[in-house]
Amino acid sequence: MIETTPGMLILTAVIPMVAAFLVMISGRRPNLREAWSVVGAVLTFASVVNLAPRVLAGEVLSYTYAEILPGVGVTLKLDGLGLIFAGTSSFLWILAAFYCVGYMRGLEEHAQTRFYVCYAAAVGAAMGAAFAGNLFTLYLFYEIVSVVTYPLVMHHQDAEGYEGGRKYLIYLFFTSKAFLLTGMALVYLTAGTLDFGSGIMDGIFPAGTGKVLVVSSFLLFLFGFAKSGVMPFHNWLPSAMVAPTPVSALLHAVVVVKVGVFSTARVMLSVYGVNLLHSTGLGLFTAYFVSFTILCASVIALTKTNLKARLAYSTVSQLSYILLGVALLTPTGVTGGIVHITNHAFSKITLFFCAGAIFVVSGKSDIREMGGLGYRMPWTMGAFALASLSMIGVPPVSGFVSKWYLALGTMEIHNGILLTVLLVSSLLNAGYFVPVVIKAFYGVPLPEDQGKTGSLEKTPLARFMVVPLTVTAIFSVLFGLYPDLFFKLISVLDVGFFTGLTQATAGL
């Protein structure tokens, strides 16, 4: 681990916060306000990219800004896992910044300044979580994400918005206070520190720690990080769909849920470690437990006709793929889980961008009303089709890479049940995504839409939405064709654990 300069790591979290302040004071000048969002996004991503070469070289950058107790302080640390999360979130913020212009202006949404301020602050908090060097720092930024995204969930300030916001706070704050704080206390009392381990094999628990304490503390973290959407603490996520679609994209692809699964994966690998999770059986338990979420949420998604609701339950299911992969505790399984953080982010933000664009230009949100829409919005529905293929796991789109490695991981531990879960869930994915595409291109338009043939994507505001969603769809394909960068970042987490991974699967 390399001690670095104070400003090098904190800068990436500070830039979005500065952008939020500049947005706030520019509220009366919409063009300048939105420009600050774009500038902040670009600079945040640039600061992450600037650190990438050192991480790829195997360095783990770290700096402690304040120490409250021995082993408890505000510490930032950057490794391959953090870089994947930070890079994904900051890059997607650039595209979301442009998309928000078309969406928010297209619907003439109120409180746009507050919206952009909270959006930037949420990304800043996510950067802090990505760079967290211990449990205390991770918890601190995890909670900040909850606070600054609450105004986004209840943005419309109507009965639905307040109800969604109330449920959002109850689920996330109750679990974090009741479970995470208790889990952190147990870890500190046992290990004498909250700092993450230097590798992913041994964790931080001393040898001889009782199994009851390990299991109970682990369960507190599994349920405490409710942003990961694991059932039964998932219901906040569909309820938050009352928010504007860019917020849904932020919640489901970029920041909120990714903070949840990232935090859970970080604790599994850097606090407990592969060896302890294996010896206690917690890895296999977690894999079976999240498998229920994968299948159940997919079945519920089949029943939803509102497009955003269907995407919401799809997110609940897809997030558990990440936890399943890490829980397999094999090189290929862990790789499949971690790489799905990025693959799911790009594909799911594409889907939500498409849902938002459809609603803004056509006013439609019910799948049954989208017959023939593909010919009036070819770029949007084409991007939707590509992102759907990624969610299903069809090559060469990026979701296939995730599921390929997850399947290899289940075969490494010779577990036919978990392999069956992956196969069945992929069929369910097809069951709720393919009909949307078929309806758009082959369905019969509503009577009031018949005879209308003009494009709905040619207005300037529509292009602000169509271009970003097209770019994210293209990246979903590129990451499927060229996943090597992510493999390198994952391998530097623990060179010994991932030795030979790329060579062994070079035929992908």
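Contact is taken here to mean heavy atoms within 4.5 Å. By this criterion, and not counting residues up to four places away in sequence, Ser-320 touches Val-230, Val-290, Thr-293 and Ile-294 in the predicted model. Ser-320 belongs to helix α12, and with a relative accessible area of 0% this serine counts as buried. Two of the contacts of Ser-320, Thr-293 and Ile-294, have numbers that fall within helix α11, which spans residues 282-302.

The confidence of the prediction was considered next. The structure is a predicted model, and the pLDDT averages 87 over the chain, with 94% of the residues scoring at least 70. Among the elements of the chain, helix α11 has the highest mean pLDDT, at 94, whereas helix α20, residues 501-504, has the lowest, at 46. Over residues 502-508 the pLDDT is below 50, and this stretch has 8 contacts in the model beyond near neighbours in sequence. Where pLDDT is low, the predicted coordinates should not be read in detail.

Backbone geometry in several loops was then examined. Two cis peptide bonds are described here, and each leads into a proline. The bond from Met-231 to Pro-232 is cis, with omega near 15°, and Pro-232 is situated in the loop that connects α7 (211-224) with α8 (236-239). The bond that joins Pro-395 and Pro-396 is likewise cis, with omega of about 5°, and Pro-396 is placed in the loop between α15 (378-392) and α16.

Positive phi values occur at Leu-329 and His-414, neither of which is a glycine. For Leu-329 the angle is about 65°, and the residue is found in the loop between α12 (307-328) and α13 (331-362). For His-414 phi is about 55°, and the position of this histidine is in the loop between α16 and α17. The surroundings of these two residues are described by opposite terms: Leu-329 is buried, with a relative accessible area of 12%, whereas His-414 is exposed, with a relative accessible area of 71%.

The loop that holds His-414 also contains Ile-413, and is flanked by α16 (398-412) and α17 (416-442). Ile-413 is partly exposed, its relative accessible area being 31%. Together with Leu-284, Tyr-288 and Ile-417, this isoleucine forms a nonpolar patch on the surface, for which the combined accessible area is about 330 Å².

Cysteine pairing was examined last. A disulfide is a covalent bond between the sulfur atoms of two cysteines. A search of the whole structure finds 0 disulfides, where a pair would be assigned if the two sulfur atoms were within 2.5 Å. For Cys-100, the closest cysteine sulfur is that of Cys-118, at 12 Å, and therefore too far for a bond. Cys-118 is correspondingly in no disulfide, the nearest cysteine sulfur being that of Cys-100, 12 Å away. Both cysteines count as buried, with a relative accessible area of 1% for Cys-100 and 11% for Cys-118.

Notes. Residues are numbered from 1 along each chain as its sequence is written. This is a predicted model: local features need pLDDT of at least 70, side-chain atom pairs count only at pLDDT 80 or more; totals for chains, interfaces and linings use all residues. Side-chain values use heavy atoms; hydrogens and water are left out. Patches are made of residues with over 30% relative accessible area and no salt bridge: like charges are joined within 9 Å, nonpolar side chains (Val, Leu, Ile, Met, Phe, Trp, Tyr) within 5 Å. Accessible areas come from the Shrake-Rupley method with a 1.4 Å probe; for residues, only the protein chains shown count as cover. A salt bridge is a side-chain nitrogen of Lys or Arg within 4 Å of a carboxyl oxygen of Asp or Glu. Helices (H or I, at least four residues) and strands (E, at least two) are DSSP runs, numbered from the N terminus. Buried means under 20% relative accessible area, exposed over 50%, partly exposed in between (1.4 Å probe, protein chains only). pLDDT is the predictor's confidence in each residue, from 0 to 100.
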